[in-house]
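Hi,

Here is the structure I promised to pass on. Have a look at it first, and my notes on what turned up are underneath.

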Amino acid sequence: MPELITAITAIAAEKKIKPTVLAVVGPTASGKTALSVALAKRLDGEIISCDSMQIYKRMDIGTAKPTAEEMQGIPHYMIDIAEPENEFSSADFATLAAEHINDISSRGKLPIICGGTGLYLDTLLRGDTEDGGGADSEYRAYMTALAAEKGADYVYSMLCEKDPESAEAIHPNNVKRVIRALEVYHVTGRKKSELDRLSKQKESPYDACIIGIRYADRQKLYDRIDRRVDIMISEGLENEVRTLDRDGIFEKSRTACQAIGYKEMLGFVRGEMPLDICVDELKRATRRYAKRQMTWFGSHGNVRWIDADTPMDDGRDKTFEDIVNIAEKLFSEYGYCDII
């Protein structure tokens, strides 16, 4: 299989065919990391993380960054590349990830994108390495201050008035995205939702096979989420949050203080809530996030889904090896037929 990928890469380069990429998506705690590593070992691939929180340094346990043991020697990119207080947009991600795709492909290896941040993946696959909406840092600072003074609902109501379609797609508490949509309207005079539609009409610079992993029984996913949160607590999430709080990161970075896992544990670290209440809220918040991820990826008709918890044709439960075999088959049927 690796020899075939190398041959396909060479043919693609000669004929100027789009680079082939494999994306592994799905809700949090579904098993994307393990699947992407297994596929990378089989297909001679390298992994590009597509997670909006794993890009930040010092935020390790709460973002479920893969450990060296979990990486199993497979190179991983787009992890620990920014300080928590730094702004980082989907266009920033697409720019850097595109460089990694080109580098990995040039070495005859398969770029594998793994993660659950749908906005980042969509921006990358559309080739939006430049922020077409323009920027106005002074306006952004003004709106940020306004949100701090009058609350998230106030600036969200402004977006509802100017661009109701974007407002419907953005959670009111996601102040950063709300302000960005307002900034686009301020700079261009056009709605961000309109510009997004125009962007989606562009042809992708990649030949992308997107494989998703999900659970037909939602409770099984929720049980995996609960177990993951319990592991985070046992591995020292409290101390990680306490250290970040001591160093003033949550005051410097709204992104950090709003990240799932950190904002819930911050209540306990600061003595505002008991630990069990914070942990329960963290589990609920993660389940809600998983629902939003499934809604996002579920709206994409080009995802090839694997139901991890449905039986095989012979009636037995799927093993991890079965899931890897199915994913490899889906990629083989997609990637090779389109190129050869």
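One term before the rest: a polar contact here is a pair of N or O atoms within 3.5 Å, where, within protein, one must be able to donate a hydrogen and the other to accept it. Please also keep in mind that this is a predicted model.

With that in hand, start at Thr-243. Its side chain reaches the backbone oxygen of Asn-239 at 2.9 Å. Thr-243 sits in helix H12, which covers residues 237-246. Is Thr-243 buried or exposed? Neither, quite: its relative accessibility is 30%, so Thr-243 counts as partly exposed, given that buried means under 20% and exposed means over 50%. If you want a distance to check in your viewer, the C-alpha atoms of Thr-243 and Val-269 are 9.8 Å apart, and 26 residues separate the two along the chain.

Next, a pair of alanines with backbone angles worth a look. Most residues other than glycine have a negative phi. Ala-29 has a positive one, near 70 degrees. You will find Ala-29 in the loop that runs between strand E1 (20-25) and helix H2 (32-43). Ala-29 counts as buried because its relative accessibility is 6%.

Ala-64 also has a positive phi, in this case near 55 degrees. Ala-64 lies in a loop too, between strand E2 (45-49) and helix H3 (68-71). With a relative accessible area of 22%, Ala-64 is partly exposed.

Now for the protein as a whole. There are 17 helices and six strands. How does the radius of gyration fit a compact globule? For 340 residues, such a globule would come out near 20 Å, and the protein has 21 Å, so the two agree. Along the principal axes, the C-alpha trace spans about 60 × 45 × 35 Å.

As for packing, 48% of the 340 residues count as buried. If you take contacts between residues at least 6 apart in sequence, 74% of them join residues at least 24 apart.

Finally, the surface and the charges. The protein exposes about 16500 Å², and carbon and sulfur atoms supply 50% of that. On the charge side, there are 46 positive and 57 negative side chains, with the centres of the two sets lying 2 Å apart.

That's the lot from me. Cheers!

Methods: Residues are numbered from 1 along each chain as its sequence is written. This is a predicted model: local features need pLDDT of at least 70, side-chain atom pairs count only at pLDDT 80 or more; totals for chains, interfaces and linings use all residues. Side-chain values use heavy atoms; hydrogens and water are left out. Helices (H or I, at least four residues) and strands (E, at least two) are DSSP runs, numbered from the N terminus. The radius of gyration is taken over C-alpha atoms; the globule rule is 2.2 Å times the number of residues to the power 0.38. Buried means under 20% relative accessible area, exposed over 50%, partly exposed in between (1.4 Å probe, protein chains only). Contact means heavy atoms within 4.5 Å. Accessible areas come from the Shrake-Rupley method with a 1.4 Å probe; for residues, only the protein chains shown count as cover. Lys and Arg count as positive and Asp and Glu as negative; His and the chain ends are not counted. The place of a charge is taken as NZ of Lys, CZ of Arg, CG of Asp or CD of Glu.
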